[in-house]
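User: Could you take me on a close look at the sheets of chain B and then at what surrounds them? I work at the bench, so plain language is welcome.

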Amino acid sequence: MSAVIESHDHEHHHGPAKGITRWFYTTNHKDIGTLYLWFSFAMFLIGGAMAMVIRAELFQPGMQIVEPEFYNQMLTLHGLIMVFGAVMPAFVGLANWLVPMMVGAPDMALPRMNNLSFWILPFAFTVLLSSLFMEGGAPNFGWTFYAPLSTTYAPPSVTFFIFSVHIMGASSIMGSINVIVTIMNMRAPGMTLMKMPLFVWSWLITAYLLIAVMPVLAGAVTMMLMDIHFGTSFFDAAGGGDPVLFQHIFWFFGHPEVYIMILPAFGITSHIIETFSRKQLFGHASMVWAMTSIAILSFVVWAHHMFTVGMPLAAELFFMWATMLIAVPTGVKVFNWVTTMFKGSITYETPMLFSIAFVVLFTIGGFSGLMLAITPADFQYHDTYFVVAHFHYVLVPGAIFSIMAAVYFWIPKWTGNMYDERLGKLHFWLSFIGVNVTFFPQHWIGLAGMPRRVPDYALQFADWNMVSSVGAFLFGASQILFLFIVIKTVMGGKKATPEVWEGARGLEWTVESPAPYHTFTTPPKVTQ
Amino acid sequence: MFKKATTSFNCKVSSLLIALFSSQTFAAWDDINMTEGVTAISKEVFELHMLIFWICVVIGVIVFGVMFYSMFAYTKKKNPNPSTFHENTKVELAWTIVPFLILVFMAIPASNTLTTIYDDSAGDINIQVVGYQWKWQYKYLEDEIDFFSNLTTDLDEIYNKTPKGEHYLEEVDEVVVIPVGKKIRFLITANDVIHSWWMPDFAIKQDAIPGFINTAWTVVDKPGTYRGKCTELCGKNHGFMPVVVKAVPQDEYDSWVKNKKEEAFKIAELTEKDWTKEELFERGEEVYAKNCVACHQTNGQGIPPIFPALAGSDIVMNDASRQIEILMEGVGPTYAMQAFGKQLNEIDIAAVITYSRNAWSNAENGDGKIVTPKDIVDYKKPKV
């Protein structure tokens, strides 16, 4: 979107506090955004290290490196940390940095709550990770923690896991309230809802999803807690309970949750593609409607994760059809991105490379998603590596590539320095090759019949597992390069102009680089 | 002369091509694609899979084609002045409606196949499948045959001490035998956590859920041995509980049923026999290796705290009646000990108890008492 600033503010501002307390007490949206981003990076590396353990064990058939019980702990923590520790906090960090600047607000609406919602997160993950050192080990029932494996048959650390999930949920809900209140009340004059940048739109929808489903997750873990410690039988068939009920509740949370992890990526990709195509985004309004439809549909498709639990035919048909429908708005988004590039004037800086890879690889993940929606075929795909390939395609080159694209795109605005373009491109190509070598063969071994969540496998899957592991090591190692590039950019580099990019559109590009500690204390006026 | 050479050259080329496409390529294809399977349903499912796959490929070629064309044709160098168009209602409507129609086209055969799969009428043979941590139990409801099916792959193979066999992790001690051409109905449930019974060649994957009975059916026309796996994370040994089904001609099936019944009769006889300590120890060692090592380990040390050590355990050394009770009823939920009363026969339970009381120098440190099959029969008698 294009905007003209009619009034700049020239007041004197206080800078950040000195010393470490700056980070503990800060209520500044930029500081909190930075905290969120570094936290998620740390979690990304920890969760990634666990993925390396998993791929190292799967490098060859047979048990070599870890025992099955530890393997299960790794796959559980890898999932939980990547979902709740890496992807979600990264998007909240981006929202903190960008939403106020994009809507022309001085800060988030509820700054103290903002501080709280971040600072409870490190405790949540300390509790979760400490379970590795407890008697009986860490949670070992998968990130989907199906009862009764996660209740009657769980290690004692499950109680700590429940507590940790509660804290994460509280953090997410507070963060979402903050985003919604900021967007609804603090937009600059003239910025109507339909003029709002797409990243802001995507986060508005995401925040509503979070508020709707995080309490459902909290309910599920609380019922588990009751079953484990207080003698209830919500999920225990022996006491008249229902293990399938758990799955319905979990996926009523879980399916919107997966869109929570991709909607902000849609926003980011839209900004980057229009910037480097030097052409206004095609179909701004239809993008908004597409995201809204995806969000609404996400509430009525949850049971496609459960096609094999033995639901009645009518339910299977309903969830199949509803799931297939999601392909329509998702297709609209992809077509809009491609049409934005059509007849543009394109250059290929690192953020653009990551965003183009996002569109292609996310679409591949969408295709396998469509295949998985076909219920009879899903009876063969379900719980195999085909599913692993599918959701890693939408989450790694999907969500995570979009986060990396966003970091390269906005880091000049955050630090005032340009990143090293040559290293950025190297990072892109290593990640791109790594991610495809890791996950593409997983489609094949899944179709050929390898179940997911197994520490060992039959011999016919050996070759492609080895290839997949090699890809994973390459992808893992290249993220060290990303860390190096980010640190290098924070330390120094070519100075960035306020616009940074030739085709940049949006209010955040009207303030200096680095963005002053306080921006838009007097709201800008937005005209078209 | 020349002609002859050409013919032989042609022969060579064609045989090479045949070799390439028949054995090599198709073998490789099997390793990366879904199996077509051996039932009418599995073939339908395979066709659906290939149909949706090719639809995705065509859409992908078109969309990525336009995208790559734009990437090469509209670089800043080649097109310094970008167009300014940013919406077009007709185009946007078209790419909303066309995908919708493709989906409808896809949903019709998918819904039909699903309806066929959901035909829930009774089978000629009904087999109850029960998932346990980490083995399957099969009960033939009409013939009252009842057995457990355990992985037979040696721990040494798993831990890379000996070379891996052809059916590594896909072999069991007791396979499910079914006759060809009959409708087999599986009634699937679980004893502890959720498992999932998957047989790719029949396109059956059905969760085994405690407290529920799910059904699935198949008619297999081609005799053969088919291999599948548990596909729901069910704890430590989830990767080690395969499914093996053998489809045989009717007469072979009938004689298998007869044998199974005789076997059960023989076991009843053996229970009455007087067993020596050596006989029990020897049999117990086998039972232990099959049922107990996964948790309690070969050396009896277990994996505390969930799987306690048996070597040096006070109960195992000095309290035979408590040990019988634990084996028969299980201990839960803090410890993951299953109730083996329904899983093993009296002889095997007596043997494995005797084994554990005399292995790992437990006999030297404890009472070294033996437990006989008759003790277990006594235990099973109703207490007044």
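Analyst: Happy to. Chain B has an open sheet of five strands in the order 3-2-1-5-8, and its pairing is mixed. Strand 3 (145-149) and strand 8 (214-219) of chain B sit at the edges with a single partner strand each, so one side of each has no neighbour in the sheet. From one strand to the next, the twist averages 20°. Please keep in mind that this is a predicted model.

Let's start at one of those edges. Strand 2 (residues 135-140) of chain B and strand 3 of chain B run antiparallel and are joined by five bridges. To find this pairing on your screen, look for B:Gln137, which stands opposite B:Phe148 in strand 3 of chain B. As general background, strands of a sheet pair through backbone hydrogen bonds, either parallel or antiparallel.

Now for the other sheet. Here, too, five strands of chain B form an open sheet, in the order 4-10-9-6-7, with mixed pairing. Its edge strands are strand 4 (176-179) and strand 7 of chain B, each of which pairs on one side only. The twist in this sheet averages 25° from one strand to the next.

Strand 6 (residues 195-199) of chain B is a good place to pause. Five bridges join strand 6 to strand 7 of chain B, and the two run antiparallel. B:Trp197 has B:Gln206 of strand 7 of chain B as its bridge partner. These two strands of chain B, 6 and 7, form a hairpin with four residues between them. In the turn, B:Ala203 has a positive phi of about 55°. Strand 6 of chain B also pairs with strand 9 (residues 224-230) of chain B, in the antiparallel sense and over two bridges. In that pairing, B:Trp198 stands opposite B:Lys229 of strand 9 of chain B.

What about the edge strand of the hairpin, strand 7 of chain B: which way do its residues point? B:Ile204, B:Gln206 and B:Ala208 point one way, while B:Lys205 and B:Asp207 point the other way. That fits the usual pattern: in a regular strand the side chains alternate between the two faces of the sheet. Five of the five residues of strand 7 of chain B are buried, so this strand is largely enclosed by the rest of the structure.

The partner chain comes in here as well. In all, 79 residues of chain B are in contact with 78 residues of chain A. On the chain B side that touches chain A, strand 7 (204-208) supplies at least two residues, and so does each of helix 1 (2-32), helix 2 (40-73) and helix 3 (89-117) of chain B. By class, this side of chain B has 41 nonpolar, 25 polar and 13 charged residues.

At the other edge of the same sheet order, 4-10-9-6-7, a helix joins the picture. Helix 5 (residues 250-272) of chain B lies across strand 4 and strand 10 (243-248) of chain B, and runs at about 135° to strand 4 of chain B.

Just before strand 4, one backbone detail deserves a look. B:Leu169 is found in the loop between helix 4 (155-158) and strand 4 of chain B. Its phi is near 65°, a positive value in a residue other than glycine. B:Leu169 is buried, with 24 other C-beta atoms within 10 Å. B:Trp360 is another residue other than glycine with a positive phi, near 50°. You will find B:Trp360 in the loop between helix 10 (346-358) and helix 11 (362-365) of chain B. B:Trp360 counts as buried, with 20 C-beta neighbours inside 10 Å.

To finish, a brief look across at chain A. Helix 3 (residues 68-103) of chain A has 36 residues and reaches 50 Å from its first C-alpha to its last, close to the 52 Å expected at 1.5 Å a residue. There is a kink of about 35° in this helix, centred on A:Met82. Helix 3 of chain A is mostly covered, with 34 of its 36 residues buried. Just after helix 3 of chain A comes A:Gly104, with a positive phi of about 75°. Chain A also has a cis peptide bond from A:Ala147 to A:Pro148, with omega near 5°. A:Pro148 lies in the loop between helix 5 (121-130) and helix 6 (158-185) of chain A.

Technical notes
Residues are numbered from 1 along each chain as its sequence is written. Chains are lettered from A and ligands numbered from 1 in the order in which they are written. This is a predicted model: local features need pLDDT of at least 70, side-chain atom pairs count only at pLDDT 80 or more; totals for chains, interfaces and linings use all residues. Two residues are in contact if their C-beta atoms, placed from the backbone, lie within 7 Å. Ala, Val, Leu, Ile, Met, Phe, Trp, Tyr, Cys and Pro count as nonpolar, Asp, Glu, Lys and Arg as charged, and the others, Gly among them, as polar. A residue is buried if 20 or more other C-beta atoms lie within 10 Å of its own, exposed if 12 or fewer, and partly exposed in between; C-beta atoms are placed from the backbone. Two strands pair if DSSP finds at least two bridges between them. The expected span of a helix is 1.5 Å times one less than its number of residues. The bend at a residue is the angle between axes fitted to the seven residues ending there and the seven starting there. Axes are lines fitted to C-alpha atoms, for helices over the stretch in contact, and angles run from 0 to 180 degrees between N-to-C directions.
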